[in-house]
Amino acid sequence: MSDKGIRDARTLGYPKMLLLGFQHMFAMFGATVLVPALTGLSVSVTLLFAGLGTLLFHLLAKGKVPAFLGSSFAFIYGYTHVAELLGVYPEIANWIPYAGVGVACAGLLYVVLAGLFRIFGPEKVMRYFPPIVTGPVIISIGMTLANSAVNNCNDNWWIALLAIVIVIACNIWGRGMIKIVPILLGVVGSYAVAAICGMVDFTPVKEAAWIGLPVVWDETVFSLAGNCNPGALVSAISVMVPIALATIVEHIGDMCAISSTVGENYIKSPGLHRTLLGDGLATSMAALFGAPANTTYGENTGVLALTRVFDPVVIRIAAVLAILFSFSPKFATLVSCMPAGTIGGVSLILYGMISAVGVRNVVENRVDFTKTRNVIIAALIMSLSLGITFSNDGALILGAVRLSGLAVGALVGIFLNAVLPGNDYRFGTNEQGDESVNFKV
């Protein structure tokens, strides 16, 4: 332990450590369960693999980094788009296993980059993924989702506006934990008002069991064995893998932020190659069983700063608690009954925030748009990503494969950045820029 304010279990005592573990679970809760609520994935499986993924991450990061892994907002785009793309295949009854394969491949991209980081160092590898590429990709992710947020708001704009007001108020005027968990408070507040007004049917909650197994076989990747459409599989992979460009940059920013909060250089030890490996394998493991992609959570970094208790054991306690909650179908059903207006209000902020983070990534890294190369790269990424997504087919069709607009835009951006002269990006020279990608409301 360092002298930067870290206290361990022997100093605090286990009752206080358990209480702090509950606090960390509370912090991640709203954002983590919102992803399955928005995408149709299982809440129970999401909680299970948030906990298991966090424990795997801690194992691979030598137990040094006090990070919690929860559901990734960036991959919401992928799940909604895979559902749309695979709608043209009448023989596919469930798109979730196909999306799982795509997310598992995205997790393997983390593993590949972790190896490259270990061999060549982050500076050389990140030259191929500078802000002029990742920024427009992130902007495109948020903009393609905005339509679905408005559709949910149309169910009940008053409930949606209430959720928006609560989130904004907690963000601007909140203190302590209130400022850290605005999404959770926005969901709970608007959900409660909708329930009081008789807008929620709790019959499924009453009928659900208190205890049950979280994993649903038909939503796992293993259910595709002997019954898989290769074209649909490649299409799903093409949607999911480019999103990892955004979440990998987010991971690096979170590691920088946690290092700054704790006062330990986690970029150096255990190293980005280990933390990326842990995040990637946790994501792939979750995807195989129908859970959303994992990512390091800024909410829990906020709790670290608030409590000044940096012991990773506290995070592992939160992970175990998340696993325990995953075995309650009644609790998962309560989340699934969330009003569409609540979902719409929160996601309207969330999706806009994703695009705003892309803008922030470009601005805080001081991308020079007086250079024609940068204008061309950004223009083609966004026009291809959005143009193809909102075209009649919603994808670039190559035989049996349907490539998403984001996949085409990202590939073109990476290629142009590599071949056009004038790439002056240097990773690690701008701390503010390195921490700029953080999908946290």
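## Exercises on salt bridges, cysteines and a cavity

The side chains of Arg360 and Glu364 form a salt bridge, with an N to O distance of 3.0 Å. Keep in mind as you work that this is a predicted model.

**Exercise 1.** Find how many salt bridges there are, and work out where the partners sit.

*Solution.* Start with the cut-off: a side-chain nitrogen of Lys or Arg must be within 4 Å of a carboxyl oxygen of Asp or Glu. By that rule the count is two.

Next, place the pair Arg360 and Glu364: both belong to helix α18 (residues 340-364), four residues apart, which is about one turn of the helix. Arg360 is partly exposed at 35% relative accessible area, while Glu364 is buried at 17%.

Now turn to Lys371 and Asp424, whose side chains meet at 2.9 Å, N to O. Lys371 is in the loop between α18 and α19 (372-389) and Asp424 is in the loop between α20 (405-419) and α21, so this pair ties together parts 53 residues apart in sequence. For accessibility, Lys371 is partly exposed at 27%, and Asp424 is exposed at 52%.

**Exercise 2.** Decide how many disulfides the structure has, and explain the result for Cys337.

*Solution.* First, recall the chemistry: a disulfide is a covalent bond between the sulfur atoms of two cysteines. A search of the whole structure finds zero of them. Cys153 is in no disulfide, and the nearest cysteine sulfur, in Cys197, is 17 Å away.

Then take Cys337. The closest cysteine sulfur to its own is that of Cys197, at 17 Å, and this is too far for a bond because the two sulfur atoms of a disulfide must be within 2.5 Å.

Finally, check burial: Cys153 is buried at 0% relative accessibility, and Cys337 also counts as buried, at 15%.

**Exercise 3.** Describe the largest cavity and name the helices that contribute to its lining.

*Solution.* Begin with the census: there are four cavities of 30 Å³ or more. The largest has a volume of about 100 Å³. Its lining comprises 14 residues, and those nearest the centre are Met126, Val249, Tyr425, Gly433 and Asp434. Helices α7 (131-153), α13 (243-262) and α21 (431-434) each supply at least two lining residues.

**Exercise 4.** Locate Glu123 and say how far it is from Phe427 in sequence and in space.

*Solution.* Glu123 is part of helix α6 (residues 122-126), and it is partly exposed, at 45% relative accessible area. Along the sequence, Glu123 and Phe427 are 304 residues apart, yet their C-alpha atoms are 5.1 Å apart in space.

Terms used:
Residues are numbered from 1 along each chain as its sequence is written. This is a predicted model: local features need pLDDT of at least 70, side-chain atom pairs count only at pLDDT 80 or more; totals for chains, interfaces and linings use all residues. Side-chain values use heavy atoms; hydrogens and water are left out. Buried means under 20% relative accessible area, exposed over 50%, partly exposed in between (1.4 Å probe, protein chains only). On a 1 Å grid over the protein atoms alone, a cavity is a set of points where a 1.4 Å probe fits but cannot get out, and a pocket is an open set with protein on both sides within 12 Å along at least five of seven lines; lining residues have an atom within 4 Å of a point. Grid points are joined across faces, edges and corners, and a volume is the space filled by probe spheres set on the points.
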